[in-house]
Structures are given as structure tokens and as C-alpha cells.
Amino acid sequence: MKIARPFLSFSPTPNDPMKPRTSARTLSLFNSPFPFYRSVGRIRRRHAFSSSSPALLPSKQRPWLRVAVVTLAAAGIGAYIRSQEEFKSTTLNPITFTPYYLVSKEPVSSTGSVFTLKAPKPASDNCQVYDEAWKTGVWSVMFKQPQLQIGRDYTPLPPTSVEEDESLRFLIRRDPFGEMSRYLHGLDIGTRIEMRGPQIECEIPLDTQQILFIAGGTGIAPALQAGHTLLGRTDGTHKPRIHILWANRRRDDCVGGTNDNTMTSRSRASWFSGFLKSSPADPSPADPVESTTPLPSLIVRELEALKSQYPGQVTVDYFVDEENTFIGKKAILDVADSATSAEGSQNRKMILVSGPEGFISYMAGPKLWAQGMELQGPLQGIIKELDLKDWAVWKL
């Protein structure tokens with residue numbers, strides 16, 4: 001899970017144009033382009049004693065000229081900025097922020113929505129950028145919050161139709177304590193949003209045969225990305241597989257999802273019980289709702305569509321904290337053992353973990369920050385205890 005950070009990704013310099021200009025605004029009170037405002041009283045007093053002084057007459061007659069010069073300069077700068085905006089590239093790139101526009105916002109649960117963004121003009125180069133990123137692995141883009149001068153990385157959802165090739169979709173949870181989340185959920189349709197990217201978070205090698213993806217909450221977006229990339233390489237002789245274990249706090253986040261493996265672990269604790277200090281007297285597990293379950297959520301439907309498109313290559317298991325089901329060692333070992341027996345130990349196998357920081361730490365140990373960079377850090381958590389030597393582990 002990414003945290004909000006200054007969108008420049010490095011320390012701003014004093015002359016950085018993106019830095020807040022409160023000090024400049026303060027200085028403008030003393031460096032006004034209209035100094036005659038500050039000296040009117042003094043000039044009048046001096047004129048009372050020497051109204052015919054030739055040295056003072058020009059100052060009294062020229063204020064209109066200064067106003068005209070400043071007005072013309074401001075108009076010229078404004079015209080230049082507008083002209084630059086017209087020719088600004090609409091192609092997504094990792095160096096500069098590119099303007100996109102919010103075209104739809106579809107709720108998928110009580111706390112999350114799928115945001116669809118599109119560049120202002122059709123840009124064929126964008127399709128090429130997206131295509132290269134999809135073929136490589138898991139990737140993200142940075143959103144800019146202009147008021148607070150911060151940015152946050154979000155993972156695009158794979159396109160579900162040809163019409164979506166020029167747009168990007170994002171699963172974003174409404175976090176009451178997240179500045180970027182509150183900002184995005186408060187935007188109206190048509191609002192301009194600036195992004196830069198793509199940033200490759202994890203490259204999936206071409207010879208990868210199996211992926212076990214352990215996702216928490218909105219970490220399902222990178223899981224769908226990994227499935228899109230891996231399964232897109234399917235041909236007559238190469239049929240890679242992905243196994244997704246998706247954990248949520250509430251059934252509302254994954255309504256309609258059913259497990260492909262009948263065995264799931266149950267417990268009175270979960271990965272975030274230590275943070276919430278749950279009482280040991282939690283209620284007994286709730287039985288899954290069957291006949292009265294509402295229609296599957298959008299994300300569950302997309303997972304089911306992936307399973308239909310690649311039969312036998314995708315399995316998904318759902319774990320819900322309020323039902324006291326969680327991803328434990330047995331659930332991970334079941335998938336790892338079945339993958340090893342099916343493909344042998346020679347083929348490349350990967351375990352990817354994505355979700356909140358606490359979730360990642362519990363599963364594989366925390367990531368580390370050093371010299372302004374996010375590093376993987378040592379493998380810890382329950383995956384370390386399982387000692388899965390044939391699997392490469394990557395924290396997202």
C-alpha cells in the first residue's frame with residue numbers, strides 16, 4: 001500500500017515553482033509594483049511646501065503608465081501559459097504530470113468506488129504506453145493533490161473492453177483519514193486530475209508459470225493486473241496459472257464471491273486484530289448467505305470473467321474478517337503444494353503480496369524506506385515461517 005507523499009518525490013528546492021508561495025505573497029506587500037500607494041501621503045506633504053518642484057511632477061503624472069505596463073505584462077504571461085497548455089502533451093509519462101479528466105465514478109461497496117479517467121484528447125501514444133506496461137507486470141501512476149502538494153500511487157484496473165483502451169480505471173477506497181482519498185471522492189465528474197507514470201512496481205518474467213497473489217482490500221487491483229499480464233501470455237503450449245487469496249474486513253467489499261477451494265482457515269483473530277485490540281469474546285463465525293445474497297460486486301464480476309476467459313487457470317478464495325475467516329498458513333500451503341505437484345519445482349513461481357501496510361507486514365514483513373527509496377526489506381511474517389524455497393516473494 002502506498003502512502004501519500006510530496007508528489008515531486010524529492011525534496012523541493014527554494015526556487016521550485018511547485019512549492020507553496022506564501023513567503024512570496026508576504027513579500028509582495030512590501031515589493032508592490034505600485035509604490036506610489038505607499039508614498040502618497042509623503043508626496044502630498046512635500047508638495048505642500050514645494051508644489052512647483054520639477055523633480056516631483058513626474059512621480060505624480062506617471063502612475064497610470066506603471067499600471068498599464070504591469071497589466072500588459074500580466075496579459076502576456078497569461079496568454080503564454082494558455083498557449084503552452086494547448087500544446088501540452090496528453091501522453092502519460094513518468095516525468096511530467098499529464099492532465100486527465102474524471103468521466104465516471106461507480107460505487108462498488110459502501111466504502112469504495114471505481115474511478116474512470118480519460119485524457120482530454122484521443123492520444124494513440126497513450127495506448128502504446130498502457131500496452132507496454134500491461135505486458136511488463138504490475139504498474140501504478142501517481143495522482144497529484146494540488147492543494148496540499150502531495151501525491152499518491154494508484155494501480156489501474158485492467159480494461160474489460162476495447163472501448164476502455166484509452167481510459168484508466170482505479171479502485172479507490174474512501175478513507176476518512178486519507179487526504180488524497182477524501183480529495184478524490186469529493187471531486188465532481190469532469191474535474192481535471194493530473195497524473196504521471198507508469199511506474200513498474202513488479203516485473204513478471206516471461207517464464208513465470210505460477211503466481212500466488214495474496215491481496216488485502218484494494219490490493220485486489222494489482223492482483224487483477226498480475227492476472228491480466230500473466231494470462232495474456234497463454235498459448236497452445238503455455239498455460240500459466242494464478243491463485244488469488246483475497247482478504248477483506250467486510251463481506252460488503254466482496255459480495256457475491258464464492259471460494260474455489262472448499263478448505264478455508266477460521267480463527268477469532270485476523271492480521272489487524274493487534275491494531276484494533278479485538279476482544280477475545282468475538283462472536284462465532286457467521287454462515288455465508290446463499291439464496292439472499294445480492295448481485296456480485298463489480299470486482300467479483302471481473303474476477304469471474306477472468307475465470308471464464310481462462311478456464312482452469314484462475315482460482316479465487318475469499319476471506320472476510322467479520323466472518324472470522326482469514327488467510328493463514330494452511331491456505332497458502334494448499335496452493336503452494338498443489339502448484340508444485342502440478343508443475344514441478346523447475347518452473348518459475350512467484351508470491352505477490354499487496355494491501356495495507358499492516359497486512360503486508362503480517363504476511364511477509366514490512367517494506368523499508370532508505371535514502372528516499374522504498375525497498376523490499378527482509379522476508380518475514382508467516383511466509384518466512386513456511387520456508388517456501390521454490391517461490392520468489394515480492395511485496396507491493
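This passage describes the strand order, helix packing and salt bridges of a predicted model.

The sheet is open and is formed by 7 strands in the order β4-β3-β7-β1-β2-β6-β5, with antiparallel pairing. At its edges lie β4 (150-154) and β5 (156-157), each of which pairs on one side only. Strand β5 is joined by 2 bridges to the antiparallel strand β6, residues 167-173, and in this pairing Pro156 stands opposite Phe170 of β6. Helix α7, which spans residues 220-231, packs on the sheet and touches β3, β5 and β6, its direction making about 140 degrees with that of β3. Helix α9 (residues 298-309) lies across β1, β2 (112-118), β5 and β6, and runs at about 125 degrees to β6.

Strand β7, residues 192-203, pairs in the antiparallel sense with β1 (residues 98-107) over 4 bridges, and Tyr101 has Arg192 of β7 as its bridge partner. Antiparallel pairing also connects β7 with β3 (residues 137-145), here over 6 bridges, and the bridge partner of Gly137 in β7 is Glu203.

Side chains of opposite charge can pair when their charged atoms come close. In the whole structure, 13 salt bridges are found. One of them is formed by Glu194 and Lys144, whose closest N and O atoms are 3.4 Å apart; the pair links distant parts of the chain, since Glu194 belongs to strand β7 and Lys144 to strand β3, 50 residues apart. Both Glu194 and Lys144 are buried. Together with Arg192, these two residues, Lys144 and Glu194, are linked in a network of salt bridges, and Arg192 is also the residue of β7 that serves as the bridge partner of Tyr101.

A second salt bridge joins Arg348 to Asp207, with the closest N and O atoms 2.7 Å apart. This pair likewise links distant parts of the chain, with Arg348 in strand β11 (residues 348-354) and Asp207 in the loop between β7 and β8 (208-216), 141 residues apart. Arg348 counts as partly exposed because its relative accessibility is 37%, and Asp207 is also partly exposed, with a relative accessible area of 44%.

Within helix α10 (residues 329-343), Asp334 and Lys330 lie 4 residues apart, about one turn of the helix, and their side chains meet in a salt bridge at 3.0 Å, N to O. Asp334 has a relative accessibility of 32% and therefore counts as partly exposed, as does Lys330 at 44%.

Terms used
Residues are numbered from 1 along each chain as its sequence is written. This is a predicted model: local features need pLDDT of at least 70, side-chain atom pairs count only at pLDDT 80 or more; totals for chains, interfaces and linings use all residues. Side-chain values use heavy atoms; hydrogens and water are left out. Two strands pair if DSSP finds at least two bridges between them. Contact means heavy atoms within 4.5 Å. Axes are lines fitted to C-alpha atoms, for helices over the stretch in contact, and angles run from 0 to 180 degrees between N-to-C directions. A salt bridge is a side-chain nitrogen of Lys or Arg within 4 Å of a carboxyl oxygen of Asp or Glu. Buried means under 20% relative accessible area, exposed over 50%, partly exposed in between (1.4 Å probe, protein chains only).
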